[in-house]
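Here's a quick tour of one protein model, written for someone who likes to see the cut-offs. Have the viewer open as you read.

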Amino acid sequence: MRTGVWLVGARGSVATTSIVGALALRAGLTDPTGCVTELPDLRGPALPAFTDLVLGGHDVATVPLAKRAEALAAAGVLPGRLVAALPEELAAVERELRAAPTAGTQADRAAATVRDLTDFRGRHELDRVVVVNVSATEPVARPHPAHADPDTLRAALAGPEEVLPPSSLYAYAAVLAGCPYVDFTPSTGLRLPALATLAAQRGIPYAGHDGKTGETLVKSVLAPMFAMRHLAVRSWSGVNLLGGGDGATLADPAANAAKVESKQRVLGETLGYLPQGGTRIEYVEELGDFKTAWDLVTFAGFLGTGMRMEFTWHGCDSALAAPLVLDLARLVAAAHAAGHTGPLHDLAFFFKDPLGASTHSLADQWTRLCGFARRLHAGGADAPRG
């Protein structure tokens with residue numbers, strides 16, 4: 001199943017790492033460590049092979065992809081030997097990257113994006129194209145009357161007003177082009193009634209939001225532990241220090257607030273209450289693409305005895321996120337092929353703020369993901385569902 005992976009923010013750190021990783025896997029230069037779709041419980045014939053993936057994307061930046069890869073290698077994010085071994089392959093992907101449309105109305109920009117997607121699909125004779133948003137985090141979208149209805153939205157986009165945030169405009173274009181959509185960011189994306197209705201009308205599956213790669217991944221394991229042991233969490237405070245483009249974006253208070261809201265949701269919905277404390281995100285340029293998160297948890301046990309735990313997570317966001325981007329592209333492509341439409345709730349395992357999640361427990365999400373994969377590989381033994 002020849003599958004296009006169209007990356008929004010294609011020259012960013014996560015996208016570049018995903019591209020180099022996919023090319024290295026295709027060439028047999030690395031192993032799939034970090035790709036959960038290569039675990040026995042998920043691997044199977046319904047997923048497109050790494051050799052079936054064709055990469056392209058949009059970005060407002062113009063720095064050559066090879067230069068981005070070299071910079072990431074110098075920063076310790078990518079092995080330099082892989083970048084050096086893949087010059088022709090990187091050049092081929094470079095030819096598939098397009099400047100993000102910026103001219104005209106939002107309707108004009110959406111139409112330009114649709115053309116790029118359909119041209120990409122036709123040029124490479126692809127069975128389908130999955131659009132994955134890995135661009136910078138946006139502030140929470142301002143409400144607009146056109147967000148409620150597809151017809152009203154279509155008319156509003158033809159006017160001079162900026163009706164949709166960029167992530168939602170890409171989601172709109174993806175749906176119009178018949179492409180499944182994945183939002184790996186906490187941005188609005190397809191989380192608007194008009195877009196959800198349009199996706200249902202067009203039979204398009206989608207997944208999101210905000211890839212779960214570090215501190216929140218740990219929270220989704222620890223919070224259920226406290227709940228199952230009937231221990232009372234009194235406070236949970238975290239500090240995240242990060243550099244790179246993501247860190248610079250999150251220095252903006254509005255984008256920071258959107259990210260913090262996504263990160264905190266797992267606690268309230270898992271514990272059934274929100275303990276004292278919060279999450280603070282700070283930009284430290286010197287850290288580059290690496291992140292340090294420190295959490296302090298205070299809790300009470302039997303007879304009210306007070307206790308505490310601390311953990312520190314040192315990670316490279318791009319290296320943690322990239323294999324999940326490839327996983328999601330493969331799973332969503334398979335879901336589209338199997339006839340699934342609407343939000344893919346069974347992919348909650350991958351996200352901090354998953355669509356329609358009934359649980360934030362990583363173990364429970366894993367069980368649902370494995371069941372979803374089994375149904376895909378069974379060739380539609382069960383009726384498709386979101």
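What follows covers the strands, a pocket, and some ring contacts.

First, the ground rules. This is a predicted model, where local features need pLDDT of at least 70, side-chain atom pairs count only at pLDDT 80 or more, and totals for chains, interfaces and linings use all residues. Residues are numbered from 1 along each chain as its sequence is written, and side-chain values use heavy atoms, with hydrogens and water left out.

**Strands**

Start with the open sheet: seven strands in the order β3-β2-β1-β4-β5-β6-β11, with parallel pairing. Helices (H or I, at least four residues) and strands (E, at least two) are DSSP runs numbered from the N terminus, and two strands pair if DSSP finds at least two bridges between them. At the edges stand β3 (97–99) and β11 (342–343); each has a single partner strand, so one side of each is left without a neighbour in the sheet.

β6 is a good strand to zoom in on. Both of its faces are covered, with Pro205 and Ala207 on one side, Tyr206 and Gly208 on the other, and all of them buried. Buried here is under 20% relative accessible area, exposed is over 50%, and partly exposed is in between (1.4 Å probe, protein chains only).

Here are some of the strand pairings, including two that involve β7:

| Pair | Sense | Bridges | One bridge pair |
|---|---|---|---|
| β5 (181–183) and β6 | parallel | three | Asp183 and Gly208 |
| β6 (205–208) and β11 | parallel | two | Tyr206 and Pro343 |
| β7 (232–242) and β8 (279–283) | parallel | five | Asn240 and Ile281 |
| β7 (232–242) and β9 (290–300) | antiparallel | 10 | Leu242 and Lys291 |

**The second largest pocket**

How much space lies in the second largest pocket? About 340 Å³, where a volume is the space filled by probe spheres set on grid points that are joined across faces, edges and corners. On a 1 Å grid over the protein atoms alone, a pocket is an open set of points with protein on both sides within 12 Å along at least five of seven lines, and lining residues have an atom within 4 Å of a point.

The lining of this pocket holds 20 residues, and Thr17, Gly21, Thr30, Thr33 and Ala319 lie nearest its centre. Elements giving two or more residues to that lining are α1 (13–26), α3 (80–85) and α12 (317–337). α1 gives the most, with five residues. By class, the lining has 13 nonpolar, five polar and two charged residues. For that split, Ala, Val, Leu, Ile, Met, Phe, Trp, Tyr, Cys and Pro are nonpolar, Asp, Glu, Lys and Arg are charged, and the others, Gly among them, are polar.

**Rings**

A search of the whole structure turns up five aromatic pairs. One of them is Phe349 with Phe350, which is edge-to-face at 5.4 Å centre to centre and 90° between the planes. Rings of Phe, Tyr and Trp (its six-membered ring) pair if their centres lie within 6.5 Å; planes under 30 degrees apart are stacked, over 60 edge-to-face, and the rest tilted. Phe349 is buried at 13% relative accessible area, and Phe350 is buried at 1%. Elsewhere, Phe226, Trp236 and Phe299 make up one aromatic cluster.

There's a charge contact to look at as well: the charged end of Arg330 sits over the ring of Phe50, 4.3 Å from its centre. The test is NZ of Lys or CZ of Arg within 6 Å of the ring centre and within 35 degrees of the ring normal.

Technical notes:
On a 1 Å grid over the protein atoms alone, a cavity is a set of points where a 1.4 Å probe fits but cannot get out, and a pocket is an open set with protein on both sides within 12 Å along at least five of seven lines; lining residues have an atom within 4 Å of a point.
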